[in-house]
Amino acid sequence: MTEPDCRNAPDADPSGVPFSALDPALLRTQRTSLKWTRYPADVLPLFVAEMDFAVAAEVQQAILDRVTASDIGYLDAAGPLAPAFADYAAAAWGWDVPHDNVHLATDVATGVVESLRVAWELRRQAGPELARPQRIVLPTPVYPGFFEMLEELPYDIVEVPLRATRETPTGQEFRLDLDAIARAFEHGAEAFLLCSPHNPHGTVHTADELTELARLSAQHDVFVVADEIHAPLTHAGTRFVPFAPLAADAGAISVTTTSPSKGWNIAGAKCSVIVAADARANAALALLPPETTTRASILGLHAGVAAFTNGRDWLDRAISQIEKNTALLTELVATRLPGVRLAPAQSGYLAWLDFRGAGLGPDPHARILTEARVALNNGADFGLGGAGHVRLNLACAPETIHEAVERIAAILPTASPTTAEVSR
Ligand SMILES: Cc1ncc(COP(=O)(O)O)c(C=O)c1O
């Protein structure tokens, strides 16, 4: 008799694990990643971008198979990951990726750093007088890891804040400020780091926005690194547009850094891809040190092949749960956290919350950590425009979101506008 498939059960995660088994107290006894070790046991950890959901069975099996075969050596090339990624990119986004354009790196952070080192070296070769810090444009607030990556490189950062656009029922929408980016390019910039979809807001850039960015980049000869790590987690009903084909059409030089590490929750598997947008970018990637490939993990490579090939149903279920959790958080913020605004997200599982009107002072992150015992990311670390905000990870059991919101509500100075019990 076959086991019933409980993976779509309402009280279970995308792998079919009951939410009761994702109790943070239990996960803390089972997992050793920094999400579970950085803070004391009484702190609810909703900061770093790891999901509580169990890894897809197909991905687990791929790693186990390599371990069983004692196949845990070094890598020389993207091998089966190139067609696996290309097939996924074609099916998901209609992006035709030549397999030879796919290069390996340990993780997306390494891919970003090494791609920007290539961009700097290209410029230096073109004119030795340019062997000085170059300028990189960064739309902010943005993933704080970018600032850490850029510390490794000879670039001066030009922060261009996102532009507040539409007011939505939950909070303000923010988008790329293309006029300000054009001005920054006119003042002189050699590189641009695109976060697409944008972390922390979960904004999915439109085809029009990206087409204009590609045009501006070509016009001003700006090298674009497009970090598309969150793209597989684009919510239903929204179209993710990869930057590379637009860059290639516009004649802009660009590479895309991505991996299955966010979509399939395998950050520790350590294998990412750097994809050249066209032949010119691919030729530039010949400047990558060979170690960029050998430092990627063979376990991560096979995990990635399994994710892109056989993990698509799991991903759909993960997105569906993330959407439910987003709806739950939206409702809870509206009813339990007066003065707090939530940016509308079209991708990913990171919620960007504006606490400036909530009465917790200039550093809500610190108060929420020390008084509510909930660990979130501090908005001030995300660059210009981030102060007074926090980022919350909602890829967890719904009960964990309830718990986090109740703990935060208890320290707010303003009384809750409603005592109505929010449906669970
Ligand atoms: C936009 C972005 N890029 C890169 C990373 C890091 O990816 P990796 O662990 O593959 O270096 C993250 C992690 O959250 C991220 O949000």
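In the predicted model, the second largest pocket encloses about 330 Å³ of space. Its lining is made up of 17 residues, of which S33, E50, N265, A267 and G268 are the closest to the centre of the pocket. Sorted by class, the lining of the second largest pocket comprises 10 nonpolar, 5 polar and 2 charged residues. Residues of both domain 1 (19-55 + 312-423) and domain 2 (66-310) take part in this lining, and the second largest pocket therefore lies between the two domains.

The largest pocket holds about 1000 Å³ of space. Among the 39 residues that line the largest pocket, V48, Y143, G145, E148 and K262 are the closest to its centre. The lining of the largest pocket divides into 19 nonpolar, 10 polar and 10 charged residues. At least two lining residues come from each of α5 (108-126), α6 (145-150) and β14 (377-378); the largest share, 3 residues, is supplied by α6. The largest pocket also lies between domain 1 (19-55 + 312-423) and domain 2 (66-310), because both domains give residues to its lining.

The surroundings of the ligand were examined next. The residues around the ligand are A49, D107, V108, A109, Y143, C195, N199, D227, I229, H230, S261 and K262. Of these, Y143 and K262 also belong to the residues closest to the centre of the largest pocket. Oxygen atoms of the ligand take part in several polar pairs with the protein. On the backbone side, a polar atom of A109 is 2.9 Å from a ligand oxygen atom. Two side chains provide further pairs: an N or O atom in the side chain of N199 is 2.8 Å from an oxygen atom of the ligand, and for the side chain of H230 the corresponding distance is 2.7 Å. The ligand taken alone exposes 400 Å², of which the protein buries 93%.

Enclosed space was considered last. A search of the whole structure yields 1 cavity of 30 Å³ or more. The volume of the largest cavity is about 50 Å³. The largest cavity is lined by H198, N199, P200, G202, H230, S347, G348, Y349 and L350. Two of these lining residues, N199 and H230, also have side-chain atoms paired with ligand oxygen atoms. The lining of the largest cavity contains 3 nonpolar and 6 polar residues, with no charged residue. Domain 1 (19-55 + 312-423) and domain 2 (66-310) each contribute at least three residues to the lining of the largest cavity.

Key. Residues numbered from 1 in each chain as written. Predicted model: local features only at pLDDT ≥ 70, side-chain atom pairs only at ≥ 80, totals over all residues. Heavy atoms only, no water. 1 Å grid on protein atoms, 1.4 Å probe; cavity = no way out; pocket = protein on both sides within 12 Å on 5 of 7 lines; lining within 4 Å. Points joined across faces, edges and corners; volume = space filled by probe spheres on them. Nonpolar A, V, L, I, M, F, W, Y, C, P; charged D, E, K, R; others polar. Domains from an automatic or database assignment. Helix = DSSP H or I, 4+ residues; strand = E, 2+ residues; numbered from the N terminus. Near = heavy atom within 4 Å. Polar contact = N/O pair within 3.5 Å; in protein donor to acceptor, adjacent residues only side chain to side chain. Areas by Shrake-Rupley, 256 points an atom, 1.4 Å probe, with all protein chains shown as cover.
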